[in-house]
Amino acid sequence: MTGNTHQASAQLTRRSFLKATGAVAGVTALAGTGATLAGVAAGEAHAEASAAEQYFHSGCRGNCGSKCHQKVTVRDGKVVKVSAMEYPEGDEGWRRLCVKGQTQPQRQYDPDRVQYPMKRVDGTERGAGQWERISWDEAIGLIAQNMGAALQSGGGTSIGFMSSYASYGVLNGATGGYMSFAYGRFITAVGCTVLGACSDYAQMHVQMLGFGQNGNSADDVVNSKTMICWGGRPDESDVHIWHYVCDAREKGIPLITIDPQYSATAAHSDRYIPIRPGTDGALMLAMINHIAANQLENVDYMRAYTQAPFLVKEDGTFLRMSAFGVEPIEAGINPMTGMPIVLDSPAVFDEADGTVKALEAAQQPAILGTHAAADGASYKTCYQECLDHITEYTAARAAEITGVPEETVVELAEIYAQGGIWNLGYQGLGHHVNSHHNYKNMALLCAQTANYGLPGTAICRNTSPFTGVSNYMPYMYGRVGANVPSMALPDVLETKIWGETPVDLQVLWVMNGNPLCCESGRTELIEAFKKVPFVVVADVSMTDTAMYADVVLPVPHVFEVEDYDSGCPTPYLMYHQKCVDPLYESKSDIDIMRLVAAALQMDAIYADGPTDGDFIKQIVEAETTAPLGVTYEKLASGEMVRSPLSPASHVEMKIGSAEGERLKFYMEAPTPRIVSGQEVADYEKRPYFMPANEAYWENPLRSQYPLMGCSEHTKYHVHSQTAFTPWLRELEPEPVLKINSQDAAERGIAQGDYVRAFNDRGDVVLKALVTDGIMQGVIGIPHGFREDQYVSGHAQNLTSRVMNDFCYNNAYYDFLCEVERYEGSVE
Ligand SMILES: Nc1nc2c(c(=O)[nH]1)N[C@H]1C(S)=C(S)[C@@H](COP(=O)(O)OP(=O)(O)OC[C@H]3O[C@@H](n4cnc5c(=O)[nH]c(N)nc54)[C@H](O)[C@@H]3O)O[C@H]1N2
Ligand SMILES: Nc1nc2c(c(=O)[nH]1)N[C@H]1C(S)=C(S)[C@@H](COP(=O)(O)OP(=O)(O)OC[C@H]3O[C@@H](n4cnc5c(=O)[nH]c(N)nc54)[C@H](O)[C@@H]3O)O[C@H]1N2
Ligand code: SF4
Ligand SMILES: [Mo]
């Protein structure tokens, strides 16, 4: 059989969908959705209880991150309803579910699911959309043939696995890029190339380096004095925290939002501060300066819990007591690295007696100044060193850069200085090329003002203090051939080397990710995909990425397989019961990889796990985790199991006076996320501001492309997932480009017109939403729509692949473009 691409959407085009649902009348036509909502698949989803019903405990495994526990109702072998699991007494506050969770049956039974293995029709181009249905035997045969040849010609690294964060399942997911049993086992046994996701690494890399790990648990927000949503929209993107934010607001705790867009979070705020995109770092540095200049720091906190008093040598490293002949002490073995822990105390200046001594011995370590030590040399404190590098950022300078008035800069600094700040911001600070500096700056701001580690404080909204019982690394074979950031695909295809490792990519396997919709730099990535000799995509849906495959493999929806999630933002462990058998011809990722390994005579890779449960059991009942008392049987029974790792009181992050427990804002030896022989600039050590790569106000390119991009997550999408769920599509029928009314008027664009946004990389045609809810000079396009939901082009065509090589992060917002009225047909 040959046929068109998107199995069902071939019948349901962009226009026919809009007509069918009445959404065609315009963005404001949502008033009509009540009627149509009830009409779509309503019978099944509003099922009443019946005797033949069974209930299962599952959850969302997609990367919304909230991981709501779900009660799944099955009737006559079909999932008919999803509701929120009951939480045990005392924890009821965590019981949440959003409309995306409730409509999962529609995603599961979506006719647009990939139903059987498919092969690109011979002689057609990649992306042409002509497919031939094939059997699993043929699919596995083709894969084994291509992998076998690749292994012979280029070794393990010639097979690349590209993934994102779609699923955190330890069996079938892509936790950490490759560490699931399905893929991690194969990759580490064979030494394949990993092309791991680059999303959110500005924030994640800086926080992994120790700059304020995560925040307190979401329910702690009610203990704050002021909530600051600095670059985020938790009302749409984080149901757990938003519930507690609403509680906090009812208690009278104010919420301030800093964002170029007047988001729904901003609308719920007591105060909204618009800011030019990509400039937040300068505002933070000016606030730090104001706090220092006016002695508003919490000196006791800085002394006791931060790096502020450590003395810094000329080479940028800390002065340590070994410099004065004090022998370092060995204090056991680091369980993560297997290396000995060496304690060589940082030296500080003790104001009590005016001498330089070991941190533990000092009564009153100085946080400021330059101090002479016994060796005759003088050393600055770490805090002083940081301040001396940022003097140019006065409130007046920050106002010029950010567009935030000078008096507001001062006011914000003074609000931080009062303490009790819960930062609700998240990726609005992280999606520009150089935005990782924001998270270092925020660490210093919070270090100055005691806004970390105490009740009611958080440095960033990434709240996940609850850990799953999931130490699965020992079950990998420990050898990744090459670790390449996914966006460097075009580079390795060109150079055939990454760092020092040869990477002659012959096979590319994409799973748990939809890079040709979700990664920035789409136009270049598509060209790269076309150059890879053999591309496999394993997915639930026919995605933009699957369109560029040679072979597409159907995988099951979450409700059709058992799996275990690596963590949860609530205190309960996330085990997914299998609710129904895999639909159509779909096979779980782990079953697919078992078949691939067998075809390559590598069955041994999965031999210790004849059933999926065996693998989950290995993890939760391992020697290291067994004492925690979680058993596979307990999880498999479907009961709610509280993580034994959740502290009784989880509002305070671990912060202490030992060096390793102190809040970091400075790094002696900054380590890039992926070491590939690159140079590390000196400024990576400390708080810093670097303008955006492309989207900065003074960029001369603005004479050609004057508008800056924003492209946020929305309520009805989990990235590109749920893009085709009928009820959600009625609520958000088509993507819209938000443009300020002034900018629209200058371009002759009226409400509801179709517009073309373009730059040198590509274009996209979509409907305009003219609004004063976005700053002049900035446009916003929601993230997660599929190519055939635009009139033409793709929003991601506008974005660029440029990364900084310190954290290799995707920069979705760092682009300029122009927008014009679209005169073509939109039928
Ligand atoms: N419904 C839903 N929820 C999700 C997801 C989803 O796809 N759908 N995805 C999950 C994932 S993986 C993530 S990473 C999180 C993201 O969670 P958030 O960070 O809360 O979500 P974003 O939509 O990225 O919000 C970004 C906000 O930052 C603003 N912004 C853009 N540029 C700047 C800037 O330079 N400075 C400032 N101050 N603000 C700026 C944007 O206008 C937007 O309002 O959401 C998670 N939750
Ligand atoms: N313009 C713009 N782009 C963005 C962002 C933005 O704000 N603006 N945000 C970015 C962020 S923060 C993130 S985290 C990324 C997310 O980017 P992605 O992780 O690529 O996004 P998803 O749409 O979740 O893609 C996951 C794919 O995996 C599939 N999948 C789900 N479960 C399984 C499974 O068990 N096995 C297999 N094999 N596949 C499965 C899903 O069907 C889906 O097609 O998007 C980024 N892209
Ligand atoms: S999409 Fe997110 S918020 Fe909605 S039910 Fe799933 S995990 Fe919960
Ligand atoms: Mo993300």
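# Exercises on a predicted model

Just after helix 12, Q295 adopts a positive phi of about 50°. The exercises below concern a predicted model, and they begin with the helix that precedes this residue.

## Exercise 1. Helix 12

Task: Determine whether the end-to-end distance of helix 12 agrees or disagrees with its expected span, and state how many of its residues are buried.

Solution.
1. Helix 12 covers residues 280-293, which is 14 residues.
2. The expected span is 1.5 Å times one less than the number of residues, so helix 12 should extend over 20 Å.
3. The C-alpha atoms at the two ends of helix 12 are 20 Å apart, in agreement with that expectation.
4. Of the 14 residues, 13 are buried, and the helix is therefore largely enclosed by the rest of the structure.

## Exercise 2. Positive phi values

Task: For D200 and K496, give the phi angle, the place in the chain and the degree of burial.

Solution.
1. Most residues other than glycine have a negative phi.
2. D200, which is not a glycine, has a positive phi of about 70°.
3. D200 is placed in the loop between strand 8 (193-196) and helix 8 (201-208).
4. The cut-off for a buried residue is under 20% relative accessible area; D200, with 16%, is therefore buried.
5. K496 likewise has a positive phi, near 60°, and is a residue other than glycine.
6. The loop that holds K496 runs between helix 18 (489-495) and strand 21 (497-498).
7. With a relative accessible area of 43%, K496 is partly exposed.

## Exercise 3. Salt bridges

Task: Describe the salt bridges K357 to D350, E694 to R761 and R821 to D753 by distance, burial and, for the last two, position in the chain.

Solution.
1. Side chains of opposite charge can pair when their charged atoms come close.
2. The structure contains 47 salt bridges.
3. In the bridge between K357 and D350, the closest N and O atoms are 2.8 Å apart. K357 and D350 are both buried.
4. E694 and R761 meet through their side chains in a salt bridge, at 2.9 Å from N to O.
5. This pair links distant parts of the chain, 67 residues apart: E694 belongs to the loop between helix 23 (632-636) and strand 28 (707-710), and R761 to the loop between strand 30 (754-758) and strand 31 (763-771).
6. E694 is buried at a relative accessible area of 10%, whereas R761 is partly exposed at 26%.
7. R821 forms a salt bridge with D753, in which the closest N and O atoms are 2.8 Å apart.
8. Because R821 lies in strand 34 (residues 816-821) and D753 in the loop between helix 25 (741-746) and strand 30, the pair ties together parts that are 68 residues apart in sequence.
9. R821 counts as partly exposed at 34% relative accessibility, while D753, with a relative accessible area of 16%, is buried.
10. Salt bridges with shared partners also join D112, R786 and D788 into one network.

## Exercise 4. The surroundings of ligand 3

Task: Which residues surround ligand 3, and how many of them are nonpolar, polar and charged?

Solution.
1. The surrounding residues are C60, C64, S66, K67, C68, Q70, L97, C98, K100, G101, V239 and V718.
2. By class, this shell has 7 nonpolar, 3 polar and 2 charged residues.

## Exercise 5. A nonpolar surface patch

Task: Identify the residues that form a nonpolar surface patch with I341, and locate I341.

Solution.
1. I329, I341 and L343 form the patch, and together they have about 260 Å² of accessible area.
2. I341 is part of strand 14 (residues 340-343).
3. The relative accessible area of I341 is 32%, so this residue is partly exposed.

## Exercise 6. Separation in sequence and in space

Task: For the pairs V190 with T157 and F318 with S588, state the separation in sequence and in space.

Solution.
1. V190 lies in helix 7 (residues 181-190) and counts as buried at 12% relative accessibility.
2. V190 and T157 are 33 residues apart in sequence, and their C-alpha atoms are 8.4 Å apart.
3. F318 is in the loop between strand 12 (311-312) and strand 13 (329-333), and F318 is buried at 3% relative accessibility.
4. F318 and S588 are 270 residues apart in sequence, with 51 Å in space from C-alpha to C-alpha.

Technical notes. Residues are numbered from 1 along each chain as its sequence is written. Chains are lettered from A and ligands numbered from 1 in the order in which they are written. This is a predicted model: local features need pLDDT of at least 70, side-chain atom pairs count only at pLDDT 80 or more; totals for chains, interfaces and linings use all residues. Side-chain values use heavy atoms; hydrogens and water are left out. Patches are made of residues with over 30% relative accessible area and no salt bridge: like charges are joined within 9 Å, nonpolar side chains (Val, Leu, Ile, Met, Phe, Trp, Tyr) within 5 Å. Accessible areas come from the Shrake-Rupley method with a 1.4 Å probe; for residues, only the protein chains shown count as cover. A salt bridge is a side-chain nitrogen of Lys or Arg within 4 Å of a carboxyl oxygen of Asp or Glu. Helices (H or I, at least four residues) and strands (E, at least two) are DSSP runs, numbered from the N terminus. Buried means under 20% relative accessible area, exposed over 50%, partly exposed in between (1.4 Å probe, protein chains only). A residue is near a molecule or strand if one of its heavy atoms lies within 4 Å of it. Ala, Val, Leu, Ile, Met, Phe, Trp, Tyr, Cys and Pro count as nonpolar, Asp, Glu, Lys and Arg as charged, and the others, Gly among them, as polar.
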